[in-house]
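Let's read this one together, feature by feature. Have a look at the sequence and the model first.

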Amino acid sequence: MKKLYAFFLLAALLTGCNSEDKEIYSRQIDIVSIPAGAPIVIDGLKMGTAPLSVGVETNEDGYFVRKTVITAIPQEASLHTQVVSFPAYLASNPEKSKVPEKITFHMGVAPSQGGGVSFNDE
């Protein structure tokens with residue numbers, strides 16, 4: 001319930017600043033961490049612990065409408081913070097802002113080793 005409330009609160013706050021009349025769409029992202037239990041933060045709001053499924057605001061084609069940053073926070077000193085950032089939709093380069101169906105954070109992989117984030121579009 002907290003996750004759903006946080007999503008709608010965020011959507012209301014972000015759309016309240018926009019004077020254009022746009023339709024809002026939402027897509028679900030499944031978020032997993034290895035090991036399980038990493039706190040997940042989206043644009044500064046704690047959404048819960050992985051694994052979880054969250055709704056994000058999109059355009060009708062499934063692209064992020066604004067820059068979105070998703071962070072997985074490690075629960076042990078031997079693990080690493082993982083961050084993925086998606087830009088807002090741009091017609092000139094849409095693939096960078098496509099909403100994935102699943103994000104997996106591999107907490108044991110250091111950013112210097114190429115990062116520990118993988119995406120699945122099923």
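Q: Which residue stands opposite I42 in β5?
A: Two strands count as paired if DSSP finds at least two bridges between them, and strands themselves are DSSP runs of E, at least two residues long, numbered from the N terminus. Here I42 sits opposite I70 of β5, while V41 faces T71 in that strand. Three bridges link β2 with β5, and the two run antiparallel. A word on the source: this is a predicted model, where local features need pLDDT of at least 70 and side-chain atom pairs count only at pLDDT 80 or more, while totals for chains, interfaces and linings use all residues. Residues are numbered from 1 along each chain as its sequence is written, and side-chain values use heavy atoms, with hydrogens and water left out.

Q: Which way do the residues of β2 point?
A: In a regular strand, side chains alternate between the two faces of the sheet. In β2, P39 and V41 point one way and I40 and I42 the other, and all are buried, that is, under 20% relative accessible area (exposed is over 50%, partly exposed in between; 1.4 Å probe, protein chains only).

Q: What do β2 and β3 form together?
A: They make a hairpin with two residues between them, and D43 in the turn has a positive phi of about 50°. Their pairing is antiparallel, over four bridges, and I40 has G48 in β3 as its bridge partner.

Q: In what order do the strands of that open sheet lie?
A: The order is β3-β2-β5-β6, with antiparallel pairing. β3 (45-49) and β6 stand at the edges with a single partner strand each, so one side of each has no neighbour in the sheet. Neighbouring strands are turned by 20° against each other on average, direction ignored; for such angles, axes are lines fitted to C-alpha atoms, for helices over the stretch in contact, and angles run from 0 to 180 degrees between N-to-C directions.

Q: And what is the order of the open sheet with mixed pairing?
A: Follow β4-β1-β7-β8, four strands in all. At its edges are β4 and β8 (117-120), each with a single partner strand, so one side of each is left without a neighbour in the sheet. The twist averages 30° from one strand to the next. Four bridges join the antiparallel β7 and β8, and K102 has N120 in β8 as its bridge partner.

Q: Where is G108, and what is it in contact with?
A: You'll find G108 in the loop between β7 and β8. Contact means heavy atoms within 4.5 Å; leaving aside neighbours within four places in sequence, G108 is in contact with I34, L79, H80 and Q113. At 47% relative accessibility, G108 counts as partly exposed.

Q: Which residues touch the most other members of the largest nonpolar core?
A: A nonpolar core is a set of buried Ala, Val, Leu, Ile, Met, Phe, Trp, Tyr and Cys residues joined through side-chain atoms within 4.5 Å. This one has 20 residues, and I29, I31, I40, V54, I70 and F105 touch the most other members. β4 gives the most, with three residues.

Q: How many salt bridges does the structure hold?
A: Look for a side-chain nitrogen of Lys or Arg within 4 Å of a carboxyl oxygen of Asp or Glu. There is one salt bridge: the side chains of R66 and E57 meet at 2.9 Å, N to O. R66 is partly exposed at 24% relative accessibility, whereas E57 is buried at 12%.
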